[in-house]
Amino acid sequence: MRQPLLSTIVLALGLVLLGAHAAPAGAASVKDPADLGPPRGAPIEEAMLAPPAVPPPIHRDYPARVIVRLETREVVKEIADGVRYDFWTFNGTVPGPMIRVRQGDTVELHLKNAADSHMAHNIDLHAVMGPGGGAAVSMTPPGHESVFTFKAMRAGLYIYHCATPPVPMHIANGMYGLILVEPPQGLPKADREYYVVQGDFYTTGAYHAPGLQTFDMQKLLLEQPTYVLFNGREGSLTGANALTAKVGDTVRLFVGDGGPNLVSSFHVIGQIFDNVNVEGGTLINHNVQTTLIPAGGAVTVEMKTLVPGTFLLVDHSITRAFMQGALGQLVVTGPAAPAIYDKVSSGPAAPSPAATPMAHAAAPAAAVNDAMADGKRVFGQICAACHQGNGMGLPGAFPPLAMSDYLNANPKGAIGIVLNGLSGKITVNNTGYESVMPAFGTQLSDDEIAHVLTYVLNNFNNKGGTIAPAEVKAVRAGDKPR
Ligand SMILES: [Cu+2]
């Protein structure tokens, strides 16, 4: 007897709830407290800048219509020195330009696909609240253009990417970037802002195999990238391309992870992040050493540069940094700050240019210094990964460069080893090794090889000596000194 009554009550309740939820036809859309109303003023053309440049901060206090023009282009460019790759891009760069709008803005997004593209492309922006993040309305064949609008409803830092099947392939070829949606009150002032996106790349050839490399589907499936890179090219943020700042600056990095597969353990060696917008959202964490960036995610980090020097941007899954390319530099110039960081004394046999007769001639002494500093840099960035920072190597795997009888017996022979690699049985300090050292001839210049070998010969208790760039050049040209 009770059962039918209960069912009736449940049914009646259900009908009431249903009625409450069914929106009458033609009703106004949901009112969201974050909606700041319709766009006002003249439409604004978004500056489309190449990374690592960031569009300027927004000082508006009203919502506007912002026009964003993206073009998908398939371009062959260098992924590393001497290695080319057929990238698929937004606006010809990896990542595509950073987009910067204010919460409440209406974005009018024009997606053009270049006439010479081979593929259709589209765009999914994680800042969009709508099906596919825009992908559902932006599929664009070569030579066509799609236009759609969306209101930026939530402040944050978001990835955008191509979502054309096979999606992982379009992303792996470089089709991603960041869109920043500033909160209505804007961001605090920073002295420098930079734009960095990590991505993993899958080439048929091995790391640094020269020439034009093609996409490797098998490596993608195994999630075993050949390259892990910041801004789509090894060296995009090092040397002449390094990020710069002055002592005392507040540096803000907008960092994304395009993936397609790897999560980034983002770290800047020698710095601590004062503020981290965790996962690109509104939660701010402080005093962070390493922050996780999900694939398809982003983070804003801010740090104060208290001490001059070179600070390395890395994925602290550190093999990727030193053996797959995920390395950038922030070069900070300005007065030393010995109260914060100071050298008291250092290890054995540091070469002293002051002890050479050239010490009084400013320019040559500086040149020796520069060569030694450069050698130290190359050693730290390349050789130390295997031979270890102290040159002692690893038992059973990597022979020592420190006090190496093999090296000291024939220092010039090391030129060929670095240029061409080394494999087969060798004996170093009475211990046998049978392993493989890769060739660095395409990665390192004559100067760099000369500098690193001179650095090694004058450190780690080795016998000293100098290798000149001309000697490296000669060996490269083919006359083997061994
Ligand atoms: Cu695409």
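The following legends describe close-up views of a predicted model.

**View 1. The copper ion and its protein donors.**
Four protein atoms serve as donors to the copper ion: ND1 of His121, SG of Cys162, ND1 of His170 and SD of Met175. They lie 2.0 to 2.6 Å from the ion. The angles subtended by these four donor atoms run from 86 to 134 degrees, and the arrangement is therefore tetrahedral. Along the chain, the donors are spaced according to the pattern H-x40-C-x7-H-x4-M. Two of the donor residues, His170 and Met175, are buried: the relative accessible area of His170 is 1%, and that of Met175 is 0%.

**View 2. His121 and its surroundings.**
The copper donor His121 belongs to the loop that runs between β5 (106-113) and β6 (124-125). With a relative accessible area of 1%, His121 is buried. Leaving aside residues up to four places away in sequence, His121 is in contact with several residues, including Thr72, Glu74, Trp88, Leu111 and Asn113. Its contacts also include the copper donors Cys162, His170 and Met175.

**View 3. Positions recorded as binding site.**
An unreviewed UniProt entry lists His121, His126, His161, Cys162, His170, Met175 and His316 under "binding site". Among these, His121, Cys162, His170 and Met175 are the protein donors of the copper ion in the model.

**View 4. Strand β10 and its two partners.**
Strand β10 spans residues 192-201, and nine of its ten residues are buried, so the rest of the structure largely encloses this strand. β10 pairs with strand β14 (residues 250-259) in the parallel sense, over eight bridges. Within this pairing, Tyr194 has Leu253 of β14 as its bridge partner. The pairing of β10 with strand β12 (residues 227-230) is antiparallel and extends over four bridges. Here Asp200 is bridged to Val228 in β12. Strands of a sheet pair through hydrogen bonds of the backbone, in either the parallel or the antiparallel sense.

**View 5. An open sheet of five strands.**
The strands of this open sheet are arranged in the order β13-β21-β20-β15-β18, and their pairing is mixed. At the edges stand β13 (243-246) and β18 (290-293), each of which pairs on one side only. From one strand to the next, the twist averages 20 degrees. Within the sheet, β15 (residues 264-269) and β20 (residues 309-315) form an antiparallel pair over four bridges. Phe266 is found opposite Asp315 of β20.

Notes: Residues are numbered from 1 along each chain as its sequence is written. This is a predicted model: local features need pLDDT of at least 70, side-chain atom pairs count only at pLDDT 80 or more; totals for chains, interfaces and linings use all residues. Side-chain values use heavy atoms; hydrogens and water are left out. Donors are N, O and S atoms within 2.8 Å of the metal (3.2 Å for Na, K and Ca); water is not among the atoms, so sites may look incomplete. Four donors count as tetrahedral if all angles lie between 85 and 135 degrees; four count as square planar and six as octahedral if opposite donors are over 155 degrees apart and all others between 65 and 115; anything else is irregular. Buried means under 20% relative accessible area, exposed over 50%, partly exposed in between (1.4 Å probe, protein chains only). Two strands pair if DSSP finds at least two bridges between them. Helices (H or I, at least four residues) and strands (E, at least two) are DSSP runs, numbered from the N terminus. Axes are lines fitted to C-alpha atoms, for helices over the stretch in contact, and angles run from 0 to 180 degrees between N-to-C directions. UniProt positions are given in the numbering used here, feature names are shortened, and annotations may be inferred rather than shown by experiment. Contact means heavy atoms within 4.5 Å.
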